[in-house]
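Let's take a friendly walk through a protein structure, one feature at a time. Keep the picture open as you read.

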Amino acid sequence: VSLVQEPKVQGAALVTKPESGAIRAMVGGYDFERSQFNRAYQAVRPPGSAFKPVVYSAALSDGWTPSDIIMDTPIIFPQNGNRGYWKPINFEGKFYGPTTLREALSRSRNVIAVKLANSVGMEKIIKRARDFGIRSPLEANLSIALGSSGITLLELTSLYATLANLGRRVEPHVIRWVENSEGKNIWNATPAENQSIPPEEAYVMLGLLKNVIQSGTAIKAKRLGRPLAGKTGTTNDYQDAWFVGVSPQYSTGVWVGMDDKSTLGRRETGSRAALPIWMDITRAVHE
């Protein structure tokens, strides 16, 4: 008999091999006996800023460069609803003036992401998401730049794996081969492969995501002492916390949240709630 406090919070984790698409580890929740719902590929949740690489990747394809500057200043967009307008703000509630795209992604500046999405256009962003293998329905509005449309952890982890594989997407799969009772190989996995985005664009995006760990919102991961790239994600009212990142060997995604979409609590961001779990996993799988 043991005395423990059963946590209300749930989580999911996924580890894949970018070059082969093989899923090497999957955790779908806290306790399988308590819930058989697999949050690694069945839960559709808004990814927050972890979706921003799709926006930036579409921008690179549209001719933008990491050194281009956008003004981080207030902007208002008309919309339907009670207020009749939408004013995106940064997490800190401040504006930072002229900002390069490199710094904007590293610091996860929301206003820059929205202005960039407005310039590139929803059609190109959604097409780029489809190129990355995201099949969940996506709403064609500017808030998608901040990860407002729900996707699965599997889709998001596969997206980052594609970047780590220099733009070549390999369909994720859990079974590599099947043998009969005599040990004879009777089936092999042949996952679909395609060059989702140009290698040079994937290379530049990886460089941008490395900055997130070197000097941005995921700087804690720098202590692992490995070549890493990734992105934090936090949604409104701290309902979802994400971190998805890659090394040359693995793409790993972590989600933390409540099944009923209640808040995790004040300041429970991706860097605070999800990143430490991701670091534990990354440390273990590389050992």
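Below is a short tour of this predicted model, with a heading for each topic.

## A helix in the interior

A good place to start is helix α1, which covers residues 52-61. Nine of its 10 residues are buried, so the rest of the structure largely encloses this helix. Here, buried means that a residue has under 20% relative accessible area. The buried residues of α1 are Lys-52, Pro-53, Val-54, Val-55, Tyr-56, Ser-57, Ala-58, Ala-59 and Leu-60.

What covers them? The cover includes the helices α2 (101-106), α3 (110-120), α4 (122-131), α5 (153-164) and α6 (199-215), together with strand β11 (229-234). After α1 comes Gly-63, which has a positive phi, near 105°.

## A strand with two faces

In a regular strand, side chains alternate between the two faces of the sheet. You can see this along strand β3, residues 69-72. On one face, Ile-70 and Asp-72 are buried. Ile-69 and Met-71 point to the other face and are not buried.

The partner to look for is strand β6, residues 97-100. It pairs with β3 in the antiparallel sense, over four bridges. Within this pairing, Thr-100 of β6 is opposite Ile-69.

## Rings that meet

How many aromatic pairs are there? The count is three. In one of them, the ring centres of Phe-91 and Tyr-238 are 6.4 Å apart and the planes are at 85°, so this pair is edge-to-face. Phe-91 is in the loop between β5 (85-86) and β6, while Tyr-238 is in the loop between β11 and β12 (240-246), so the pair ties together parts that are 147 residues apart in sequence. Phe-91 is partly exposed, with a relative accessibility of 42%, whereas Tyr-238 is buried at 16%.

Phe-243 and Trp-278 form another edge-to-face pair, with 4.8 Å from centre to centre and 70° between the planes. This pair also links distant parts of the chain, with Phe-243 in strand β12 and Trp-278 in helix α7 (residues 270-286), 35 residues apart. Both rings belong to buried residues: the relative accessible area is 0% for Phe-243 and 1% for Trp-278.

## Charges over rings

Rings can also have a charged group as a neighbour. The charged end of Arg-109 sits over the ring of Tyr-96, at 3.7 Å from the ring centre. In a similar arrangement, Lys-17 lies over the face of Tyr-250, 4.7 Å from the centre of that ring.

## Empty spaces

Rolling a probe the size of a water molecule over the atoms shows where empty space is left. There are two cavities of 30 Å³ or more, and the largest cavity holds about 70 Å³ of space. Its lining is made by Thr-16, Lys-17, Pro-18, Gly-21, Ser-158, Ala-161, Thr-162, Arg-168, Arg-169, Val-170 and Pro-172. The elements that give two or more residues to this lining are α5 and β7 (168-170). Lys-17 is a residue you have already met, as it also lies over the face of Tyr-250.

Now turn to the largest pocket, which has about 1100 Å³ of space. Its lining has 39 residues, and those nearest the centre are Ile-89, Phe-91, Asn-110, Thr-234 and Asn-236. At least two lining residues come from each of β4 (77-78), β11 and α7. Which of the elements gives the most to the lining of the largest pocket? That is β11, with four residues.

## Two backbone turns to notice

Finally, look at two residues that are not glycines but have a positive phi. For Leu-166, phi is about 55°. Leu-166 is found in the loop between α5 and β7, and its relative accessibility of 37% makes it partly exposed.

The other residue is Tyr-238, which also has a positive phi of about 55°. Tyr-238 lies in the loop between β11 and β12, and its ring is part of the edge-to-face pair with Phe-91.

Terms used
Residues are numbered from 1 along each chain as its sequence is written. This is a predicted model: local features need pLDDT of at least 70, side-chain atom pairs count only at pLDDT 80 or more; totals for chains, interfaces and linings use all residues. Side-chain values use heavy atoms; hydrogens and water are left out. Buried means under 20% relative accessible area, exposed over 50%, partly exposed in between (1.4 Å probe, protein chains only). Contact means heavy atoms within 4.5 Å. Two strands pair if DSSP finds at least two bridges between them. Rings of Phe, Tyr and Trp (its six-membered ring) pair if their centres lie within 6.5 Å; planes under 30 degrees apart count as stacked, over 60 as edge-to-face and the rest as tilted. A charge sits over a ring if NZ of Lys or CZ of Arg is within 6 Å of the ring centre and within 35 degrees of the ring normal. On a 1 Å grid over the protein atoms alone, a cavity is a set of points where a 1.4 Å probe fits but cannot get out, and a pocket is an open set with protein on both sides within 12 Å along at least five of seven lines; lining residues have an atom within 4 Å of a point. Grid points are joined across faces, edges and corners, and a volume is the space filled by probe spheres set on the points.
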